[in-house]
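Please open the structure in your viewer and keep the selection panel at hand. The tour goes from the ligand outward to the whole chain.

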Amino acid sequence: MDQATDKFPNGFLWGGAVAAHQIEGAYDVDGKGLSTADVLTAGNQRTPREITKGVKSDQYYPNHEAIDFYHTYKEDIQLFKELGLKAFRTSINWSRIFPNGDDVVPNEAGLQFYDDLFDELLKNGIEPVITLSHFEIPYALYENYGGFRNKKLITFFAWYAETVMRRYKDKVKYWMTFNEINNQMDTFEKLHAWTNSAILFEDGDDKEEVTIQASMNELIASAKAVKIGKEINPNFQIGCMMAYVPVYPYSCHPEDMLAASKMMERRFFYSDVHVRGEIPSYALKLWEQKGYDIDYSQEDLEILKEGTVDYIGFSYYMSTAVTTLSGVKGTPIRDYPYAKVVSNPHVKANDWGWQIDPDGLRYTLNTVYQRYNKPLFIVENGMGAYDTVENDGKIHDDYRVSYLEAHIQAMFQAVNEDGVELMGYTPWGVIDIVSFGSGEMEKRYGFIHVDKDNQGNGTLVRRKKESFAWYQNVIEQNGLSN
Ligand code: BG6
C-alpha cells in the first residue's frame, strides 16, 4: 500500500510524551514533598529497582535529578518547537502541589512552576496534555494511609484534581487521570503495586483483593475528577490512560483463545468502568466466586456513572501470547495454571525482551474502538534502545525510525482503512529520560539525546539524533511520506 501523506485528520495532535518524575528532577526543591518515585533506586536489565523506606544516603535514586527539566524546560521547549510538536504530554507531580497528599492548602511554588511551564508551551504553539497521576503519588500517603488501599485517598485525589483543574482551566484542555491504571492487575509484582497505588503488600494480604480494592478506589477517584473537571470547564477533554498489551492465542486451540480472552479482561476491566461507568459482570462474578468483599457504596456507583471519560488514552509498546499447549516453554498465568505466557515466534523483541509488533497496534486500535466507540489517543509508543554517540557527535538511530515508521503506518491504516477515530500520537520519551521500569538512563526512547549514563554521570547536554529530522518531517507532512 502507498504511504500517503496528509491523511491524518485536521488538528491531529502529533506530539511527544514524558512524565514529571522521569524528567523534572528537583525532587526536593520549592516545597515539593517526596513521591513514590523518589524512593526507587536505579536498576538495570537484570537488577530490579528497589523501594526504600524514605531516602537512604548510600543509595542512588535516578529520579532525584532525572534530566533536570525543572530548570531546563525553556531550552527544551525550544527544541520541541523546532521538532514541530503540536502537543506535549507530561504529568503534574502531585507532591509538588500537595507535599503530603492530604494538605488542605496547595504549595504555591509548585502551582507556579506548572503555570510557567504551560505558558511556555502555549507561547510556542504546543498544547499541554496532562496526566494527573503518573506513578508519583505523595510518599506520605503511603506512610500515613497505606496508599490507595485506603478510601480516604479518593478525597485527597479529588481535591488535588479540583485544585489543578481550576488553576489551569484556561491553559490545559486535555487531561488524563491515572497513568496505565491496569498495570497493577497483571502480576501483582511489587513495582506496580507501588507505582500505581503506593501499596506495599503486607503479610496476610490477599494481593488480588487488595489490588482490586485499590483499583476501585482509583476508578471512583478518577470519575470524581472527571465530574469536577467538567463542572470547572465543560470544554475539557478528560480521558483515562490504559496500557494495552494485546494478548494473542498462541495457537487456534479453543482453550488458547479462551485463555487470551480471559487475560484481556484484566485490562478491559479498567476501561470498561472508565467508559461505561459500571462494574462489568465478569468482575462481579469473579469477586463473588473468590469471596472478595470490595468496599464501595451506592453513591460510589453513581459517581462512576457520572464521571465517564471523553476519550481513551493508551500506551502501546508490544503484544504478548498465551498457550495451553504442553511442550511450549512459558510463564504460568495466575488463575489459569494450565496456561502460560509464551514468546511469539512471529515477532522480534528489543534488548529488554519487549516484542515488536506494529500490527498489534492496528489490532488494538480496532478492538478498542469497536468496543467503546470513543475517540482514541495513543499517548505512548516507542522502543527503548541503546544509542551510541559517534566521535562526530552524531547518533544514527535508524532502528528507532524503523520502529516508529511501522507503527505510524499501522495507525494510518487503522484510521484510513478501518475508520478508527484517533485524536493524536505522542511517542514516548521524546527527549531521553529515566526509564520507569529499570531506572536506567541508557534505555533511550528520545529524538533528543541527553548526555547522562546509568550511574548518573554526564553533562546533561542535549543533542538531536538522526530521528529528530525524520519526526520533524512526519509532523510537517501530517504523516509518512515517500
Ligand atoms: C509506561 C509508562 O509503562 O512505559 C512510562 O507509562 C514508562 O512511565 C514507559 O517509562 C516505558 O517503560 P520503561 O520501563 O522502558 O521506561
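A polar contact is here a pair of N or O atoms within 3.5 Å, and the model to which this cut-off is applied is a predicted one.

Begin by selecting Phe-436 together with the ligand: a polar backbone atom of Phe-436 is placed 2.7 Å from an oxygen atom of the ligand. Next, add Lys-443, where a polar atom of the side chain lies 2.7 Å from a ligand oxygen, and then Gln-22, whose side chain has an N or O atom 2.8 Å from an oxygen atom of the ligand. With these contacts in view, show the surface of the ligand, which exposes 380 Å² when taken alone and of which the protein buries 95%.

Now select the shell around the ligand, which consists of 14 residues, with Glu-180, Phe-436, Gly-437, Lys-443 and Tyr-445 as the closest. Coloured by residue class, this shell shows six nonpolar, five polar and three charged residues. If you display pockets, the largest pocket is the space that the ligand takes.

Finally, zoom out and switch to a cartoon, in which the protein has 15 helices and 16 strands. Its radius of gyration of 21 Å is close to the 23 Å that the globule rule gives for 482 residues, so the protein is as compact as a globular protein of that length. Along the principal axes, its C-alpha atoms fill a box of roughly 60 × 55 × 50 Å.

Methods. Residues numbered from 1 in each chain as written. Predicted model: local features only at pLDDT ≥ 70, side-chain atom pairs only at ≥ 80, totals over all residues. Heavy atoms only, no water. Near = heavy atom within 4 Å. Polar contact = N/O pair within 3.5 Å; in protein donor to acceptor, adjacent residues only side chain to side chain. Areas by Shrake-Rupley, 256 points an atom, 1.4 Å probe, with all protein chains shown as cover. 1 Å grid on protein atoms, 1.4 Å probe; cavity = no way out; pocket = protein on both sides within 12 Å on 5 of 7 lines; lining within 4 Å. Sits in = over half its atoms within 2 Å of the grid points. Nonpolar A, V, L, I, M, F, W, Y, C, P; charged D, E, K, R; others polar. Helix = DSSP H or I, 4+ residues; strand = E, 2+ residues; numbered from the N terminus. Rg over C-alpha atoms; globule rule 2.2 N^0.38 Å.
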